[in-house]
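Visitor: I would like a close look at a single part of this model, the site around the ligand. Please take me through it with care.

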Amino acid sequence: MNQLGTGIAITGSGSAASEVTLDNHQLSQIVDTSDEWITSRTGIQKRHLMDAQGSLSEMAATAAHSAIAMAGIAPEDLDLIILATSTPDDLFGSANQVQAHLGASKAVAFDITAACSGFVFGLATASQFIRTGLYQNVLLIGADILSRWVDWSDRSTCVLFGDGAGAVVLQANQSDRLLGFALCSDGTQNSCLQLAYEPQDQEIVKGLTVAKGTYQPITMSGKEVYRFAVQKVPEVIEKALFRADITTEQVDWLVLHQANQRILDAVAQRLNIPKHKVLSNLAQYGNTSAASIPIVLDEAVRLEKIKSGDIIVTSGFGAGLTWGAAVFKWGR
Ligand code: ACO
């Protein structure tokens with residue numbers, strides 16, 4: 001058992017995105033859409049896009065560097081790196097490339113995939129290693145380059161997504177600041193939102209055929225995902241708050257996965273959380289999947305909107321379908 005106990009504190013955050021952006025006016029030259037339609041239906045005005053040479057692991061490492069610096073530790077102090085992503089550079093996993101970029105020689109590293117819920121699922125996963133006393137310093141990154149898998153001729157999806165990375169450092173701490181969480185999955189609704197593998201037959205010897213294919217662009221039933229989010233996200237937040245013994249009135253910040261401004265507004269309204277407590281950067285980033293929560297969190301921390309001790313409730317939701325919520329106090 002370590003000296004610091006098995007409490008958990010989130011002590012640093014960081015984020016990164018390409019400087020290249022695509023605004024709604026530029027999008028309306030590619031597909032039949034308009035700035036007015038996109039802004040009024042989603043709140044998105046532009047999104048950051050990684051160019052063809054860009055790597056997910058480098059972007060993730062940039063976000064991680066900032067988080068590690070804020071936490072006041074060195075990469076060699078890290079015991080564990082968890083990378084939540086659905087768009088790795090390498091299907092065998094990209095967390096180890098991040099470890100190499102950082103020079104985090106002591107850390108074990110692995111990927112987890114839970115789409116837009118990846119950050120919240122990662123938070124719950126990371127916390128288990130600290131709770132058991134096994135590790136003291138854990139780096140959690142949410143990073144996605146969904147532009148790699150968007151069908152740029154499908155106006156119902158291409159207007160929504162952007163690329164980015166966000167990271168936090170979790171540390172063993174005397175007092176426990178990760179107050180509660182709840183996670184859910186419903187695979188029966190998997191077809192609502194997919195980035196699916198499409199096999200093609202490849203006969204390797206006579207009579208033996210295996211698959212050689214690739215992943216097909218993102219498909220989504222927008223209305224179904226919208227209905228799911230507006231119903232299930234308030235429920236899972238209430239569950240996490242109940243487990244944390246925190247009331248909605250005590251919440252300082254609602255930090256939702258940045259999918260759509262209308263979803264953010266509807267969830268806040270159902271929970272009776274006033275608008276000024278709801279963080280949003282949708283206008284500038286769009287939906288960056290697993291990265292969206294740590295990016296918007298990092299922005300608010302660096303702007304000193306979020307202060308040490310503030311109570312944050314966060315919720316991720318998306319493909320799987322998956323959804324989850326966590327309640328924590330910022331800082332040590
Ligand atoms: N520009 C102009 N018109 C469009 C566009 C567009 N980009 N996209 C769709 N339309 C049209 C449709 O074709 C339809 O036209 P029709 O009435 O002639 O058939 C009309 O607009 C309405 O389409 P709907 O799909 O009903 O539009 P809706 O109001 O539901 O908004 C949206 C669509 C924004 C996708 C909404 O359903 C939504 O936000 N859903 C949730 C999506 C989401 O959050 N996904 C990500 C979560 S999971 C993850 O992050 C991986």
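Visitor: How far from a nitrogen atom of the ligand does a polar side-chain atom of W37 lie?

Guide: In this predicted model, the polar side-chain atom of W37 is 3.3 Å from a nitrogen atom of the ligand. Two further polar contacts can be set beside this one: an N or O atom in the side chain of R41 lies 2.6 Å from an oxygen atom of the ligand, while R155 takes part through its backbone, where a polar atom is 2.9 Å from a nitrogen atom of the ligand. The ligand, which would expose 1000 Å² if taken alone, has 74% of that area buried by the protein. There are 23 residues around the ligand, and R41 is among those that come nearest, together with C116, K223, N260 and N287. Sorted by class, this shell holds ten nonpolar, eight polar and five charged residues.

As for the space itself, the ligand occupies the largest pocket, and the elements that contribute two or more residues to the ligand shell are α2, α6, α7, α8 and β16, with α7 giving the largest share, four residues. The largest pocket encloses about 1300 Å³, and of the 50 residues that line it, L160, F161, L193, I218 and M220 are the closest to its centre. Helix α7, spanning 222–244, also gives the most to the pocket lining, with five residues, and the strand β9 (193–194) is one of the elements that supply at least two lining residues. By class, the pocket lining comprises 22 nonpolar, 18 polar and ten charged residues.

Methods:
Residues numbered from 1 in each chain as written. Predicted model: local features only at pLDDT ≥ 70, side-chain atom pairs only at ≥ 80, totals over all residues. Heavy atoms only, no water. 1 Å grid on protein atoms, 1.4 Å probe; cavity = no way out; pocket = protein on both sides within 12 Å on 5 of 7 lines; lining within 4 Å. Points joined across faces, edges and corners; volume = space filled by probe spheres on them. Nonpolar A, V, L, I, M, F, W, Y, C, P; charged D, E, K, R; others polar. Near = heavy atom within 4 Å. Polar contact = N/O pair within 3.5 Å; in protein donor to acceptor, adjacent residues only side chain to side chain. Areas by Shrake-Rupley, 256 points an atom, 1.4 Å probe, with all protein chains shown as cover. Sits in = over half its atoms within 2 Å of the grid points.
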